[in-house]
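Notebook open, structure loaded. I want to go through the sheets, the cores and a few single residues.

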Amino acid sequence: MTNKIQLTITRPDDWHVHLRDNEALIHTVPDAARYFGRSIVMPNLNPPVMNTKQAMAYRNRILESRPAGSLWQPMMVLYLTDNTKPEEISQAKASGQIFACKYYPAGATTNSDSGVTKLSNIASVLSQMEKESIPLLLHGEVNDHNVDIFDREAVFIDQQLQKLIHNFPELNIVLEHISSKESAQFVAERPHGLAATITPQHLLYNRNHMLAGGIKPHYYCLPILKRDVHQKALIAAATSGDPRFFLGTDSAPHTTCSKENACGCAGCYSNHAAIEFYAEAFELAGALDKLEGFASHHGPDFYGLPRNIDTITLKKMPWKNPTKLPFMKNTITPLGAGEMRQWQVT
């Protein structure tokens, strides 16, 4: 139900998050487990999570940091490389704990150096994924220094995604953290088998927030924030009620010092207040009634999983986003640091 001050929705899930490993989990797991029921956990550790044994060991480490009494579940993903074998896909499916495989173009983003150099190199793996009904999660950008960084997502659709869908028509695909009007339109025009996650940073901010009045590295992520015309297209997609679009924070912890240096890393940390960010974006769009579908229904429906059965309630109570969060022996500067936020979970 909705009114001027309160919103109750089915417990949401996060279909794209980075938790990192070991000591970092003490900080990231409680944030992920605050109000989400499940989280798809990205496998780009160093070294990456490339097989079922590694994924199960990583899952156990994550669960060791889950807050007492929490029912939140990490959903594991394998990192695809040029050397991944079809047999590994069958083992992953049999485990019952691996829900997808992730394609990173080699060198395109954080810890992606072991990624796939050409999609044709993993054709047999993609065929096996199609047979096993394991979704492919795409970092949908080309890693080509001759292509402008603001155009790499659109070029990926033209050069690779259309061919991929043609070659593997029964493969379920999620185009992760879309950032462009081209992606929103492409997904909306597909009849089935293709979905997209959308982050809070791509809904609330555009490249002016990152670049106008000086470079602000804590808004730097990949895919990069783009013009407001792309932001508006993403807002329209997220709030449309179209079940092919659903919540994926892409929350990624990077220390303040690693962001604020001569070569700052890409990524925004939002899991400390993720559903609050989304509620604000949907309210600004006049679409609070569409938040539950986007956050709580569309993701599990796409993955063929049951929706959560309990609820959370948000209230309209402004609060100030922290400027820093503790992270191991350092700090994180979170998304929207120091800004006023409008919603709280009661």
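Before anything else, a working rule for myself: I call something a polar contact when a pair of N or O atoms lies within 3.5 Å, and within protein one atom must be able to donate a hydrogen and the other to accept it. I also keep in mind that this is a predicted model.

**Entry: Arg341**

I started with Arg341, which sits in strand E13, residues 340-345. Is Arg341 buried or exposed? It comes out at 3% relative accessibility, and since buried means under 20%, Arg341 counts as buried. Next I looked for a polar partner for its side chain and found the side chain of Glu339, at 3.1 Å. That fits inside the 3.5 Å limit I wrote down above. Then I listed what else Arg341 touches, skipping neighbours within four places in sequence: Leu204, Tyr205, Phe277, Glu280, Met317, Pro318, Trp319, Asn321 and Gly336.

**Entry: the three-stranded sheet**

E13 took me to its sheet, an open one with three strands in the order E1-E10-E13 and antiparallel pairing. Strand E1 (6-10) and E13 are at the edges with a single partner strand each, so each has one side without a neighbour in the sheet. From one strand to the next, I get an average twist of 35°. I checked how E1 meets strand E10 (residues 311-320): five bridges, antiparallel. For one register mark, I noted that Thr10 has Thr311 in E10 as its bridge partner. What lies across this sheet? Helix H11 does, over E1, E10 and E13, at about 115° to E13.

**Entry: the eight-stranded sheet**

The other sheet I looked up is open too, with eight strands ordered E2-E3-E4-E5-E6-E7-E8-E9 and parallel pairing. At its edges I found strand E2 (14-17) and strand E9 (245-247), each with a single partner strand, so one side of each has no neighbour in the sheet. The average twist here is 30° from one strand to the next. E2 runs parallel to strand E3 (residues 38-41), joined by two bridges, and Val17 has Val41 in E3 as its bridge partner. I also traced helix H12 (residues 291-303), which lies across several of these strands, including E2, E3 and E9, and runs at about 115° to E9.

**Entry: cores**

I then turned to the nonpolar cores. The largest has 85 residues, and Leu19, Met129 and Leu136 touch the most other members. Which helix gives this core its largest share? H11 (residues 274-284) does, with seven residues. There is a second, separate core of 14 residues, and I jotted down Ile40, Ala100, Val174 and Phe302 among them. Back to Leu19: beyond four places in sequence, I find it in contact with Ala24, Leu25, Thr28, Val29, Ala32, Val41, Tyr58, Ile62 and Trp72.

**Entry: a helix pair**

I looked at H6 (residues 181-188) against H9 (residues 228-238): axes 8 Å apart, packed at an angle of about 30°. That makes H6 roughly parallel to H9. The touching residues are Lys181, Glu182 and Ala184 on H6, and Val229, His230, Ala233 and Ala237 on H9.

**Entry: Leu211**

Last stop was Leu211, in helix H8 (residues 207-211). With 43% relative accessibility, Leu211 counts as partly exposed. I took its distance to Asn60: 40 Å between C-alpha atoms, with their positions 151 residues apart in sequence.

How values were computed:
Residues are numbered from 1 along each chain as its sequence is written. This is a predicted model: local features need pLDDT of at least 70, side-chain atom pairs count only at pLDDT 80 or more; totals for chains, interfaces and linings use all residues. Side-chain values use heavy atoms; hydrogens and water are left out. Helices (H or I, at least four residues) and strands (E, at least two) are DSSP runs, numbered from the N terminus. Buried means under 20% relative accessible area, exposed over 50%, partly exposed in between (1.4 Å probe, protein chains only). Contact means heavy atoms within 4.5 Å. A nonpolar core is a set of buried Ala, Val, Leu, Ile, Met, Phe, Trp, Tyr and Cys residues joined through side-chain atoms within 4.5 Å. Two strands pair if DSSP finds at least two bridges between them. Axes are lines fitted to C-alpha atoms, for helices over the stretch in contact, and angles run from 0 to 180 degrees between N-to-C directions. Angles under 35 degrees count as roughly parallel, over 145 as roughly antiparallel, 65 to 115 as roughly perpendicular and the rest as oblique.
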